[in-house]
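This report walks through selected parts of one protein model, from strand pairing to helix packing and the nonpolar interior. It is meant to be read with the structure open alongside.

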Amino acid sequence: MAKNLLIVESPAKAKTINKYLGKDFTVLASYGHVRDLVPKEGAVDPEHGFAMRYETIEKNQKHVEAIAKAARSAENLYLATDPDREGEAISWHIAEILKERGLLQGKTLQRVVFTEITPRAIREAIAHPRQISSDLVDAQQARRALDYLVGFNLSPVLWRKIKAGLSAGRVQSPALRMIVEREEEIEAFRPREYWTIEAECAHPVQPFTARLVMLDGKKFSADTAKLEFSLTDAASAEAARLRIQQAAGGMLHVTDVTRKERKRRPAPPFTTSTLQQEASRKLGFSTRKTMQVAQKLYEGVSLGEEGSVGLITYMRTDSVNLSQDALAEIRDVIARDFGTAALPDRPNVYQTKAKNAQEAHEAIRPTSALRTPAQVARYLSDDERKLYELIWKRTVASQMIPATLNTVTVELAAGSEHAFRASGTTVVVPGFLAVYEEGHDGKNKEDEDEARTLPPMAPGDNVPLARVLAGQHFTQPPPRYTEASLVKALEEYGIGRPSTYAAIIQTLLGKQYAVLDGRAFKPTDIGRAVSKFLSSHFAKYVDYDFTANLEDELDAVSRGEEAWIPLMKKFWGPFKALVEEKRAGLDKADAGSVRILGVDPASGRPVSARIGKFGPLVQIGTADDEEKPRFASLRPGQSIYSITLEEALKLFEMPRTLGVDANGEEVSVGIGRFGPFVRRGSTYASLKKDDDPYTIDLARALALLEEKETFARNRILKQWPGHAVQVLNGRFGPYLSDGERNGKIPKDQDPATLTLEDALRLLEETGKPVRKAAKTAATKASKAAKVAKATKAAKATKATTVKAGKATKAAKATRTKTASKTTAKKSTRTARAEDAPF
């Protein structure tokens, strides 16, 4: 066993580094975090200095044991986990585990940090080790303790007041508030009409358009930012258009031509948040995908004979600095590929905009700019190639000269009281634009001007006027947040840290507090209920400034400027008191998850929209009424926060009888937990995507039922008497099943030619357990049917005085009927679940 043990976080990184260090080193991976707080109350004890109870993460137990075993025989231990706060905490946890086991006596334990996985960087880090930073560990412990205390105390309040299974988080809750408040802005928005007027100019060299800037001797305004509009209706716009056209007489007169040269600097190299934003805009990557792909590029990619190489520096950073070595190499590449004229006299220097940035770190850059995207493309997956190219281009462009742009603005008069303006831009010196241009969330007038050029013109020229056009417009509501714009907003507010943004977004989507409508976040009713509740009753803790200030204090702890326990005490006292107060004094209406819509005309009972056990619904009556409340699920696109009384009452039309079939059997349509369906007897058929349960007719319902029954009749393609295995027809084609396992049939195999031996062999080779959902649904349905029938039978027996013989006979008949119906329901539901066995 090697005398030196180096511990990293991921096996991919371990493999790459092991190649660099040779036989004197054993490199092992911790596979991320090795310990976490015990998942129960009391894991953080505020009464005893916020003592924290940790346990080894079960899935990583074997990796901890491997590290402990290697540590016994090693002389020197190096903790080389990631160079951030999380990495520092993981190193501390590993050290604590080894210390508790008595494995550190007589050995050196040191922390090494590197931001790129290259031979030079690894050897440099080992040559200059340090001790674990207690300040960084304290800050990370405080952050973890705060997250635990908020989640463990606030989430149960949400369960009691809104719905079980919800969660609140110290950082996720303010992020959710942003999404919800933006949605409320959109709903409250009332569009305003305005008109613009443009001139289509028929210049002999090149036609172009110009926009009106002066009307009737006064400045013409169509400013959506200030909501200042000169024309707000069609009649006024048409009248203005005619006046301009008449005054122009078919010709516009050039009164002024101005030329302005300006320079545009390149964007700085990537930080975590700007990489997430650009990858979202340009590549369509989610924040999570961006970080996953970047992790692979950082840890190492096999480059043929060169072996595994880390292609980029560490991807969790808020610094825009570049090392001197990197700058020298980047400048060499620019001179080689774009000429010395593209190089500035000295390297470009950038200042980070992020608060509390760790400037000792570097920006995200290629470990070697000499490895161009074209050279490594064949070794990378498509996603890896795209992200590496984005990082390489941004890094190289950041060290090039500014682009020189020449903007020409032409003023054109239409008579004496009206004027138009046209602008165009030409690139004089491309500079960094030859490599890369930063993306934007939306286009502005400047972007539009840069996309066109104008023909040569001089004051005194007359330009033929083809026509004058009036265009109708309406002001637009603010856009929903995309992943890029949400990350940008979180960073601007100082909420969370770039390394946490992907996890925040994943939590909001995973908890179904928000969904992606296209690429934009739309809050769900549950998300809105949670946000409204927290904003109303825990306003301080979802306040943007409070959350940002708390992050600042945690950063102060990491710098050794503030102690973590006083910070915890300052937070915990008021928070605990508020939680206790709200837990005792609120009902669901106070929680903001119930909205009274009005009164049901038929029954006189109140109608409300609320969050129920299974999600948003509308309800007639209350739990206190003698008659049980009636419930109805919302239709797709409906919200408890906008639904009207009329719309709510319409939902109670379900189930709806559509008519009878040729045999006189009733056909109905209804909406269940799993969506709308049509029913005939014991046969249920789900509606298709384009079917509307409120408008579907009898003919369409019968077609769906016939399709379902035909499928059921043809479900068993082949079976063998005395054996459970069958060949079944599923939604994705034939497959094998014995009731416990589902197996695949090769595509080139005709199911009709399968022998029993073939089927058993294939089931053994490819079989997977039948999904639990199918079994659970069937079991629940069976139990529910039995309980309901048994209760009904018991009541009937108690209420009548029939003879024992007759009662026994009736009971038997009831059981037989129950079993029959249960079997029918079970077979129907199981068939649905097994349509997609894999």
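The model is a predicted one. A convenient entry point is Val618, which stands opposite Ala632 in strand 25.

**Strand 24 and its neighbours**

Strand 24, which covers residues 615-620, is mostly covered, five of its six residues being buried. Strand 23, made of residues 606-612, pairs with strand 24 in the antiparallel sense over six bridges, and the two are joined by a hairpin of two residues. Within this pairing, Ser608 has Gln619 of strand 24 as its bridge partner. Strand 24 also pairs with strand 25, residues 630-633, again in the antiparallel sense but over four bridges.

Once its neighbours within four places in sequence are left aside, Val618 is in contact with Leu597, Ser608, Ala609, Arg630, Phe631, Ala632, Leu634, Ile643, Ala648, Leu651 and Phe652.

**The nonpolar cores**

In soluble globular proteins, nonpolar side chains tend to be buried together. In this model the largest nonpolar core has 86 residues, and the members that touch the most others are Leu534, Val618 and Val678. Helix 5, residues 134-161, gives the most to this core, contributing 10 residues. A second core, separate from it, has 59 residues and includes Ile17, Ala121, Ile312 and Leu380.

**Two helix contacts**

Two packed helices are described by the angle between their axes and the distance between the axes. The table sets out these values for two helix pairs.

| Helix pair | Axes come within | Crossing angle |
|---|---|---|
| Helix 6 (residues 172-188) and helix 16 (residues 525-537) | 9 Å | roughly 105° |
| Helix 9 (residues 287-299) and helix 12 (residues 382-397) | 10 Å | roughly 85° |

With a crossing angle of roughly 105°, helix 6 and helix 16 are therefore roughly perpendicular to each other. Helix 6 makes the contact through Ser173, Leu176, Arg177, Val180, Glu183, Glu184 and Glu187, and helix 16 through Gly527, Arg528, Val530, Ser531, Lys532, Leu534 and Ser535. Sorted by class, the contact of helix 6 with helix 16 holds four nonpolar, four polar and six charged residues. Leu534, which takes part in this contact, is also one of the residues that touch the most other members of the largest nonpolar core.

Helix 9 and helix 12, whose axes cross at roughly 85°, are therefore likewise described as roughly perpendicular to each other. Here Lys289, Thr290, Val293, Ala294, Lys296 and Leu297 of helix 9 meet Asp383, Glu384, Leu387 and Tyr388 of helix 12. The residues in the contact of helix 9 with helix 12 divide into five nonpolar, one polar and four charged.

**Two open sheets**

One open sheet has four strands in the order 2-1-7-8, with parallel pairing. Its edge strands are strand 2 (25-29) and strand 8 (108-111), each of which pairs on one side only. On average, and with direction ignored, neighbouring strands of this sheet are turned by 20° against each other. Strand 1, residues 4-8, pairs with strand 2 in the parallel sense over five bridges, and the bridge partner of Asn4 in strand 2 is Phe25. Helix 2, residues 61-73, packs on the sheet and touches strand 1, strand 2 and strand 7 (76-79), with a direction that makes about 160° with that of strand 2.

Another open sheet has five strands in the order 30-31-32-33-34, with antiparallel pairing. Strand 30 (716-719) and strand 34 (768-769) are its edge strands, each pairing on one side only. Strand 33, residues 741-743, and strand 34 run antiparallel and are joined by two bridges, with Lys768 in strand 34 as the bridge partner of Asn742. Helix 21, residues 756-766, packs on the sheet, where it touches strand 32 (733-737), strand 33 and strand 34, and its direction makes about 105° with that of strand 33.

**Arg680**

Is Arg680, in strand 28 (residues 675-680), buried or exposed? Its relative accessible area is 12%, so Arg680 is buried, the cut-off for that term being under 20%. Leaving aside its neighbours within four places in sequence, Arg680 is in contact with Asp661, Glu665, Glu666, Val667, Leu702, Leu705 and Glu709. The C-alpha atoms of Arg680 and Val667 are separated by 4.9 Å, although these residues are 13 residues apart along the chain.

Notes. Residues are numbered from 1 along each chain as its sequence is written. This is a predicted model: local features need pLDDT of at least 70, side-chain atom pairs count only at pLDDT 80 or more; totals for chains, interfaces and linings use all residues. Side-chain values use heavy atoms; hydrogens and water are left out. Buried means under 20% relative accessible area, exposed over 50%, partly exposed in between (1.4 Å probe, protein chains only). Two strands pair if DSSP finds at least two bridges between them. Axes are lines fitted to C-alpha atoms, for helices over the stretch in contact, and angles run from 0 to 180 degrees between N-to-C directions. Angles under 35 degrees count as roughly parallel, over 145 as roughly antiparallel, 65 to 115 as roughly perpendicular and the rest as oblique. Contact means heavy atoms within 4.5 Å. Ala, Val, Leu, Ile, Met, Phe, Trp, Tyr, Cys and Pro count as nonpolar, Asp, Glu, Lys and Arg as charged, and the others, Gly among them, as polar. A nonpolar core is a set of buried Ala, Val, Leu, Ile, Met, Phe, Trp, Tyr and Cys residues joined through side-chain atoms within 4.5 Å.
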